[in-house]
Each structure stands twice: as C-alpha cells, then as structure tokens.
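Got your viewer open? Here are a few exercises to work through, each with its solution spelled out.

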Amino acid sequence: MSDPLALTVIGVENLRVGFGGGAQSFPAVQGVSFSIVEGEIFGLVGESGSGKSTILRVISGLNRDWSGRLTIRGQEIGKRRAKRFYKTVQMVFQDPYGSLHPRKTVDAILYEGLAVQSMDDRQRRIERVLYDVGLQDGFRFRYPHQLSGGQRQRVAIARALILEPRILLLDEPTSALDVSVQAEILNLLRELRVRRRLTCILVSHNLAVVAHMCERIAVMNRGRIVEELDSASLRAGVAQDPYTQQLMRAARGYDRAIADSFVDFD
Amino acid sequence: MMPGRRRRSHSRRGRDAPVAGAIRPGKVPLHWRDYLFEENPWSRWQARFRSAYEIASAMRHNPLTVAGLAIVALLLLIALLAPLLAAQPPNLQDLAARLRPPGAGAWFGTDELGRDVYSRVLYGTRISLGIVMLVVLIVGPIGLLIGCTAGYIGGWVDAVLMRVTDIFLACPRLILAFALVAALGPGAGDAVLAIALTAWPAYARVARAETLALRGTDFVAAARLQGAGPLRIILRQIMPLCLSSVVVRLSLDMAGIIMVAAGLGFLGFGAQPPSPEWGAMISSGRRFILDQWWVAFFPGLAICIASLGFNLLGDGLRDVLDPKQR
C-alpha cells in the first residue's frame with residue numbers, strides 16, 4: 001500500500017443520503033468517507049438502521065438520492081449508471097428467498113445477465129460459474145423452490161459472478177442462512193475472492209463474520225463511521241470508540257447487566 | 001478444506017424420483033414419470049414439463065375443475081368439427097318444415113325458417129368462442145402491459161395511465177357498444193371491440209397491483225444490477241408473475257364475455273342474421289317462446305353450459321395458479 005491513490009478501487013467521500021424529502025427527511029448516511037484498495041475485503045458493521053446497506057445501494061446504483069463523491073477504479077461515478085458499469089460492480093443480496101425470480105430456472109436466471117450484457121459463449125459460462133459456486137451436476141434446470149437456502153445463495157453469487165465483475169458488494173450474504181450453511185458460504189466467498197481477485201465490501205451486523213472475512217472494518221452508528229479498525233484488533237476486542245466497545249460487549253451474548261449498561265450514542 | 005465445492009446430499013423429492021444421475025442426456029427415460037420427476041432435470045424443457053405437470057395434477061384433484069375443463073374442451077372440439085357434426089348447413093332454409101318440434105329429423109327442432117336448430121347451435125359455438133378468443137387476445141396483453149408499466153415506472157406515467165384506465169372503466173359496456181354500432185354498423189367485430197374496450201381496465205388494475213408488490217423485490221433489484229432496462233424488467237421479470245392472476249381473472253370473465261356477446265346479439269347489435277349467433281337466435285325465437293319453446297331454449301342452454309364451463313375452469317385455475325391461495 002505504498003501508493004494508496006493509485007490502488008484505490010472504491011472511493012467514497014462525504015457521502016450523504018436522506019430518506020423522504022423535505023423537512024422530515026431522515027438522514028440515513030451522514031458524511032461517510034472511506035477508500036478500498038484492490039483485492040481488499042472491507043467490512044461495514046453496525047446495528048440495524050445504521051446506514052450500512054444504504055451505502056451499498058448507493059454504490060451499486062440502486063439508490064439515486066445521494067450527495068458526495070464516489071469513484072470506482074479512479075473514475076468518478078454519477079447517479080445514473082451505464083450498462084457497462086454492471087460488468088464491474090455486482091451485488092449479492094441478503095435474502096436468498098427473495099432475490100431469485102420464483103418462476104425462472106437457475107439456467108434462466110444466469111442466462112438473463114449474459115443476454116443483457118450481450119456476452120458470448122453463454123452455455124460454457126453458465127456451466128463454469130455453476131461449477132465455481134459448487135453447484136455442478138443437475139442444479140442448472142431447477143427452480144428456486146427446489147433449492148435450499150444455501151443453494152439459493154450460491155445461485156445468487158453465481159448470478160453476480162457470471163458478469164465477471166471486479167467489485168462484489170455483499171449485503172449480509174449469510175444472515176438469512178442456517179449457521180452451518182453460513183460457514184460454507186463464507187468459505188466459498190473467501191475462495192472466490194482470491195481466485196477471481198475481487199474487491200469486496202461486506203456488510204454485516206455479525207462481528208464474528210466480519211472479523212473472519214475482512215482485513216479492515218468500519219463500525220457504523222446512526223449514519224456515521226465511528227471507528228475504523230483492523231480484524232486483529234476486532235478479534236482482540238481492542239477498540240477506542242465507546243460505541244464499538246459496546247457493540248463488542250453486545251456481540252458476546254446476552255447479559256442482563258451488560259444490556260442495562262447500554263447507552264445511545266448520537 | 002472447501003466445503004462449498006463438495007456436492008451436498010439432499011433429500012429425494014417426490015415418491016417416483018429415480019436414483020439421481022440414473023438418467024443422463026442421450027439415455028431414454030424408463031418411464032415418463034421418471035422423466036418428469038427426475039431430481040436433476042437436464043434440459044429447459046424437462047423443467048417446464050414438470051411444472052406444467054404439477055399444475056395439471058393439482059387441477060385433477062378438483063372434480064368441478066375437471067368438469068369445467070371437459071366442457072371447454074368439448075366446446076372447442078365442437079367449434080372445430082362443426083361442419084362434420086352438423087346435420088345440415090346452418091343457414092339452409094326449408095320453409096315446408098318450419099317450427100318442427102325436436103324429434104328424429106331435427107334433434108333440437110327447426111326454427112321459423114325451417115333451419116335446423118341443432119346445426120345452428122353447433123355453428124354458434126364458433127362465433128361465441130371466436131368472440132371470446134379475440135377479446136382475450138386483445139384484453140390480456142393490453143391490460144398486462146399498461147398495468148405493469150404504470151406500476152413499475154410509477155410517477156406521472158402511473159398517474160396518466162391510471163386516469164385513462166378510469167375513463168374506460170367509467171364507460172358502460174352496452175352504451176359503448178351502441179355507440180360503436182352507430183359509428184361502424186352492426187356486426188360481430190363491433191361486439192368484440194366494444195367488449196375489449198370496456199374489459200381491459202380491470203386487467204390493468206390487477207396487473208398494476210401485483211407490480212407494485214413486485215417492483216421492490218430483490219430479484220427486480222438484481223435485474224437492474226445486471227443492466228436491464230425498464231422494458232426488459234417489465235417483460236421478463238414482472239409480467240410472468242402477473243400473468244397468473246390475469247389468466248385467472250380472464251378465465252372467470254370469459255363467461256361474462258359470452259353473456260355480453262349474446263346480450264348484444266339479442267339486442268341486434270352483435271352478429272347479424274342470418275349468422276347463427278346464440279343471442280340472436282334467442283331473440284328471433286322470442287316470438288314463439290310460448291308455443292315453440294325449442295327455438296329459444298337450445299341456444300339459451302348452450303350459453304348456459306358455455307358460461308358454466310368457463311366459470312368452473314376459472315375457479316379451478318385460480319386455486320392452482322393464484323399464489324395467494326397456494
């Protein structure tokens with residue numbers, strides 16, 4: 001990381017997002033800045049409503065009501081995205097039960113993106129990406145209701161990867177899954193990230209997941225980043241910010257005395 | 001080390017599921033059930049056949065649906081084979097044999113011009129089903145497209161399209177039919193146009209309501225993230241899911257379409273004499289209804305059976321296709 005500017009893949013500066021216009025506008029994200037270098041996996045943690053998923057929706061282009069500065073691989077990105085943009089940036093959603101079209105087979109789901117981006121060699125690409133996510137043999141022509149939650153999430157990952165993106169946005173990719181399946185999906189993501197040299201942002205409220213996956217972690221509260229730390233200090237439980245400390249205590253499990261000691265940080 | 005790469009074992013699905021992997025491309029399945037219920041389908045068509053079979057077998061369990069389907073299939077068959085089934089051409093007059101009661105020579109009797117009522121009722125199936133098909137073909141796609149577009153795009157597009165829908169919804173069907181007849185001259189085509197113009201708003205409403213629930217879903221967001229434009233998302237992501245409620249509504253409305261078409265014929269605004277339209281036949285039989293009941297009775301019975309068939313089928317389809325009732 002000798003020259004961080006040259007390597008920066010995602011740059012976010014003073015990002016602000018408000019929901020609902022006018023005087024009652026709710027500030028979901030209030031001036032967030034971070035930058036992510038090539039091949040890094042960056043974690044965003046925080047409780048529900050802290051604005052972490054909103055940041056992903058801004059970067060992916062799903063949310064267009066924002067202000068600030070956003071750069072992807074050195075290029076400043078506006079609110080409307082060209083079709084080509086999505087060959088660089090893809091996203092995996094939280095709920096695998098809602099993110100797959102219920103009336104389309106796995107094959108049709110994967111084919112759709114290739115058709116939109118008019119990519120060639122479609123049969124081979126579908127076979128390959130299914131192999132990469134561990135769904136070889138026979139899953140190709142199933143409907144989502146014939147798959148388990150973990151298998152569905154693999155299809156969702158395949159759908160993101162089939163466009164061969166450089167950046168993968170992960171919006172709580174395991175929180176809707178069984179604990180044993182969570183580990184499988186996380187390991188798959190780790191492996192794919194290395195193999196495909198992906199740059200990732202992982203959003204989660206699960207500190208253990210983020211500590212396992214990420215090198216660098218930003219803790220969010222009420223639309224602000226309160227602290228950035230590396231995974232070693234997260235695992236060791238070393239944090240400067242009082243909110244982060246409280247989050248770590250909360251993550252250890254429920255304790256009446258600890259719960260009573262919690263305060264709101266504004 | 002990489003649990004994700006291992007194939008996970010999973011429970012068998014369906015009692016007739018064969019051993020996984022027993023059937024590979026190129027090998028002939030042992031039985032069509034094995035083909036349909038193979039756990040790992042290996043082609044697009046196999047997957048489609050299977051979901052079609054699941055719908056069909058769900059319908060089979062309701063005897064009323066089967067009855068409705070049988071009636072509709074029978075009507076279609078009659079419409080196709082009318083020239084073979086009819087005793088004589090529908091407009092063949094024989095004034096010497098007018099107003100004969102049902103009997104060996106003419107099963108449903110003859111009308112005031114000596115035409116065979118049985119043959120006319122059979123040929124009438126063609127007109128009624130033709131009107132139904134045309135209305136459905138016009139109304140379904142228009143309603144779906146307008147409803148899905150309004151629901152997905154929202155904003156002023158939604159407001160404009162829905163106000164247009166309201167305007168058409170406010171037109172009474174028969175009055176509009178009168179206006180069309182006055183403008184274009186009577187005929188079966190006007191009946192189709194009048195019914196279609198007043199029928200599509202209901203489908204647009206249904207499709208819009210479904211779309212509003214669908215447009216915020218993750219799979220639509222995922223389609224946007226693949227770079228798909230609004231038209232592609234409406235056609236490929238949203239419409240397939242609105243289709244089933246529209247199909248259900250259409251099949252329930254088909255009975256109503258038959259009734260309105262017959263009503264227009266009865267009033268003299270639909271198909272014109274001498275074409276054997278059921279409503280027009282009742283209308284001409286009205287003069288003899290006290291003494292020669294069969295002239296009006298058999299076309300009336302045909303209308304009754306046809307609407308009943310479509311209604312039963314529509315109810316059955318709703319039970320099978322409507323995701324809310326599943």
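The exercises below deal with two pockets and two residues.

Some ground rules before you start. This is a predicted model, where local features need pLDDT of at least 70, side-chain atom pairs count only at pLDDT 80 or more, and totals for chains, interfaces and linings use all residues. Residues are numbered from 1 along each chain as its sequence is written, chains are lettered from A and ligands numbered from 1 in the order in which they are written, and side-chain values use heavy atoms, with hydrogens and water left out.

**Exercise 1. Describe the largest pocket and work out why it lies between two domains.**

Step 1: get the volume. The space in the largest pocket comes to about 1,000 Å³.

Step 2: list the lining (residues with an atom within 4 Å of a pocket grid point). There are 30 lining residues, and A:Pro102, A:Arg103, A:Lys104, A:Tyr143 and B:Ser51 sit nearest the centre.

Step 3: see who contributes. Among the elements that each supply at least two residues are helix H3 (106-116) of chain A and helix H2 (44-60) of chain B. H2(B) gives the most, with 7 residues.

Step 4: sort by type. You get 15 nonpolar, 4 polar and 11 charged residues.

Step 5: check the domains. Domain 1 (11-61) and domain 2 (64-321) of chain B both give residues to this lining, so the pocket lies between them.

**Exercise 2. Do the second largest pocket: what is its volume, and which elements line it?**

Step 1: its volume is about 480 Å³.

Step 2: 17 residues line the second largest pocket, with A:Arg64, B:Tyr152, B:Arg224, B:Ala228 and B:Pro230 nearest its centre.

Step 3: helix H4 (117-153) and H9 of chain B are the elements giving two or more residues to this lining.

Step 4: by type, the lining splits into 8 nonpolar, 3 polar and 6 charged residues.

**Exercise 3. Is B:Ser307 buried or exposed?**

Step 1: find B:Ser307 in helix H11 of chain B.

Step 2: apply the cut-offs (buried under 20% relative accessible area, exposed over 50%, partly exposed in between, with a 1.4 Å probe and protein chains only). B:Ser307 has 8% relative accessibility, so it counts as buried.

Step 3: look for contacts (heavy atoms within 4.5 Å). Leaving out residues up to four places away in sequence, B:Ser307 touches B:Ala255, B:Ile258 and B:Met259.

**Exercise 4. Place B:Val66 and find what it touches.**

Step 1: B:Val66 belongs to helix H3 (residues 63-85) of chain B.

Step 2: B:Val66 is partly exposed because its relative accessibility is 40%.

Step 3: with residues up to four places away in sequence not counted, B:Val66 touches B:Met59 and B:Arg60.

Key
Helices (H or I, at least four residues) and strands (E, at least two) are DSSP runs, numbered from the N terminus. On a 1 Å grid over the protein atoms alone, a cavity is a set of points where a 1.4 Å probe fits but cannot get out, and a pocket is an open set with protein on both sides within 12 Å along at least five of seven lines; lining residues have an atom within 4 Å of a point. Grid points are joined across faces, edges and corners, and a volume is the space filled by probe spheres set on the points. Ala, Val, Leu, Ile, Met, Phe, Trp, Tyr, Cys and Pro count as nonpolar, Asp, Glu, Lys and Arg as charged, and the others, Gly among them, as polar. Domain bounds come from an automatic or database domain assignment.
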